[in-house]
Amino acid sequence: MAATSDSRSIPWDWYSDPSVALLEQRAIFRRTWQYAAHAGDLTEPGSFVSTRAGDVPVVLVRGRDGTLRGFVNVCRHRGYVLCDGAGRRETLQCAYHAWTYDLDGSLRSAPRTDTEADFDRSGHGLIPVAVDTWGPFVFVNPDPAADPLADHLGELPQLVADGGVDVDGLVFHRRTEADYEANWKVCVENFLECYHCAVAHPSFAKALDVAPAAYLLAEHPTFSSQYGPPKNGGGGVYDAVGEVGRGQFHLLFPGTTVNVMPGRGNLSIGPVIPLGAERTHRFLDYFFLPETDEQWISEFFELDGQVGAEDRMLVERVQVGMRSGLVDDGYLLPESERLIAHFERLLVEALADDAA
Ligand code: FES
Ligand SMILES: [Fe+2]
C-alpha cells in the first residue's frame with residue numbers, strides 16, 4: 001500500500017473496490033475494538049443482544065454467573081446466524097436444527113448426535129470474541145487475544161469526563177439506525193471535518209461556532225477529536241448552555257463515533273459498519289442525564305436529525321463522484337482536514353501491518 005502525503009487523499013478506487021473492502025475487514029474490523037451495545041440491555045442473567053463488529057455477527061450474553069461474554073453469532077453446525085435482536089434466554093438454541101448452546105457458549109445438546117459416531121460436543125462451542133466496557137458502553141473485538149479496551153481508548157474517557165459528561169450517570173434514551181449508499185470511509189471522513197459545516201449545516205453552524213479559530217482539532221494515537229463551543233447560546237436552534245461547555249466529536253479508529261453537544265448532559269455513541277464496498281450501516285445510541293427535560297431533548301433531536309439528513313446527501317453524492325473512476329484522488333486541506341489525513345494514516349498503517 002502506498003503511503004499518502006498530507007495533502008493527497010488515499011486513492012479514490014479504495015472507496016469502491018471490493019478487494020479493499022475485504023482487506024479492511026481482515027486487517028481492521030476483525031481485530032479492533034468497536035462499540036457494540038449498551039449495558040442496560042445486558043443486566044439480567046440470560047440477557048442477550050445480537051450485534052456486529054464489521055461483517056462479523058456477534059452475540060453478547062450475560063451468563064448465570066454474571067459474566068458478560070461475547071461470541072461469534074454463528075452456529076457451529078451449518079453456519080446459521082444464531083440469535084436475532086435482544087431478549088432473555090435460558091439457552092441459545094439455533095432455529096435451523098436445534099443445536100443448543102449454554103450461556104457460556106458451550107454446546108449443550110445437538111439432536112441425533114448421540115447416535116452418530118465420533119461426535120465430540122466439546123469441540124463445537126461458540127467461538128468467543130473479546131468484550132469489555134467503558135461505563136455503560138459495551139465494546140467488542142473479534143480477536144479474543146486483543147489488548148485491553150482501555151489501551152485502545154487511551155485518554156478518551158478522561159477527555160469526555162473533563163468535558164462535563166459523567167458517563168456512569170447517563171441513561172439510555174434511544175437508538176437510531178440508518179444505511180448509506182457510500183463506503184464507510186466516506187462516512188468517517190465526512191465526520192472528521194467541519195470544513196463543510198458552515199456551507200452544508202446552516203442550523204448546526206448557527207448553534208455552534210464552526211470558525212477555525214474556535215473549532216479545535218486534536219489527534220491522538222487511536223482517536224481524533226473535534227471541539228466546538230456554542231455560538232450565541234445556541235443561536236435559537238436549541239439551548240446550548242449547560243454543564244457541558246462545548247461540543248466534543250471523537251472518532252475512535254476505525255469507526256466508533258462519540259458525540260457530545262454543548263448544553264445538558266448528553267452523549268451519543270455508535271459504530272460505522274461497512275456492508276460491502278459501497279454500503280454502510282450506522283447506529284447511534286443516545287444517552288442523557290435522567291432528569292433532562294423532554295422539550296430540550298426534542299430540540300436536540302430536531303437539530304441532530306437535520307444534520308444527519310444533510311450528511312446523508314453529502315456522503316452519497318461523494319460516493320457517486322469517487323466511483324466515477326476518472327479522478328485518481330483528492331486534496332486534503334493540511335489544517336482544516338488534518339483529522340482525515342490522520343485517519344488515512346492509521347488506515348494505511350493497519351493495511352500495511354496486515355500485508356507485512
Ligand atoms: S445450523 Fe444451527 S443447528 Fe444446524
Ligand atoms: Fe456533516
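Trainee: Is Asp 311 buried or exposed?

Mentor: The model is predicted: local features need pLDDT of at least 70, side-chain atom pairs count only at pLDDT 80 or more, and totals for chains, interfaces and linings use all residues. Residues are numbered from 1 along each chain as its sequence is written, chains are lettered from A and ligands numbered from 1 in the order in which they are written, and side-chain values use heavy atoms, with hydrogens and water left out. Buried means under 20% relative accessible area, exposed over 50%, and partly exposed in between, with a 1.4 Å probe and protein chains only. Asp 311 has 19% relative accessibility, so the label is buried.

Trainee: Which residues coordinate the iron ion (ligand 2)?

Mentor: Look for donors, which are N, O and S atoms within 2.8 Å of the metal (3.2 Å for Na, K and Ca); water is not among the atoms, so sites may look incomplete. Here the donor atoms lie at 2.0 to 2.7 Å. Each histidine gives its NE2, and the aspartate is listed with OD twice. The residues are His 196, His 201 and Asp 311.

Trainee: What arrangement do the four donor atoms around the iron ion (ligand 2) make?

Mentor: Four donors are tetrahedral if all angles lie between 85 and 135 degrees; four are square planar and six octahedral if opposite donors are over 155 degrees apart and all others between 65 and 115; anything else is irregular. The angles at this iron ion (ligand 2) run from 53 to 158°, so the arrangement is irregular.

Trainee: How many residues apart in sequence are the parts that His 201 and Asp 311 tie together?

Mentor: The donor spacing reads H-x4-H-x109-D. His 201 sits in the loop between helix H5 (197-200) and helix H6 (202-207), while Asp 311 belongs to helix H7 (residues 294-322). Helices (H or I, at least four residues) and strands (E, at least two) are DSSP runs, numbered from the N terminus. The pair therefore ties together parts whose distance in sequence is 110 residues.

Trainee: Which two cysteines form a disulfide?

Mentor: A disulfide is a pair of cysteine sulfur atoms within 2.5 Å. The structure holds one, with the sulfur atoms 1.9 Å apart. The angle about its S-S bond is -110°, and the link is left-handed. The partners are Cys 194 and Cys 197.

Trainee: What is the relative accessible area of Cys 197?

Mentor: Start with its disulfide partner: Cys 194 counts as buried at 9%. Cys 197 is buried too, with a value of 4%.

Trainee: Which residues have the most contacts inside the largest nonpolar core?

Mentor: A nonpolar core is a set of buried Ala, Val, Leu, Ile, Met, Phe, Trp, Tyr and Cys residues joined through side-chain atoms within 4.5 Å. The largest one has 55 residues, and its largest share, nine residues, comes from helix H8 (338-355). Contact means heavy atoms within 4.5 Å. The residues asked for are Phe 204 and Leu 347.

Trainee: Which cysteines is Phe 204 in contact with?

Mentor: Leave aside neighbours within four places in sequence. The partners of Phe 204 then include Phe 249, Met 261 and Leu 303. The list also holds Cys 194 and Cys 197.

Trainee: How many residues of helix H4 (residues 184-191) are buried?

Mentor: The buried residues of H4 include Trp 184, Lys 185 and Glu 189. H4 is therefore largely enclosed by the rest of the structure, with a buried count of eight of the eight.

Trainee: Which backbone nitrogen does the side chain of Gln 319 reach?

Mentor: Gln 319 lies in helix H7 and is buried, at 0% relative accessibility. A polar contact is a pair of N or O atoms within 3.5 Å; within protein, one must be able to donate a hydrogen and the other to accept it, and residues adjacent in sequence count only if both atoms are side-chain atoms. The side chain of Gln 319 reaches the backbone oxygen of Tyr 15 at 3.0 Å. At 2.8 Å, it also reaches the backbone nitrogen of Asn 183.

Trainee: Which peptide bond is cis?

Mentor: Most peptide bonds are trans. Pro 254 is in the loop between strand S14 (247-252) and strand S15 (256-260). With omega near 5°, the cis bond runs from Phe 253 to Pro 254.

Trainee: Is Arg 112 buried or exposed?

Mentor: Arg 112 lies in the loop between strand S8 (107-109) and strand S9 (128-134). Its phi is positive, about 70°, although it is not a glycine. Its relative accessible area is 70%, so Arg 112 is exposed.
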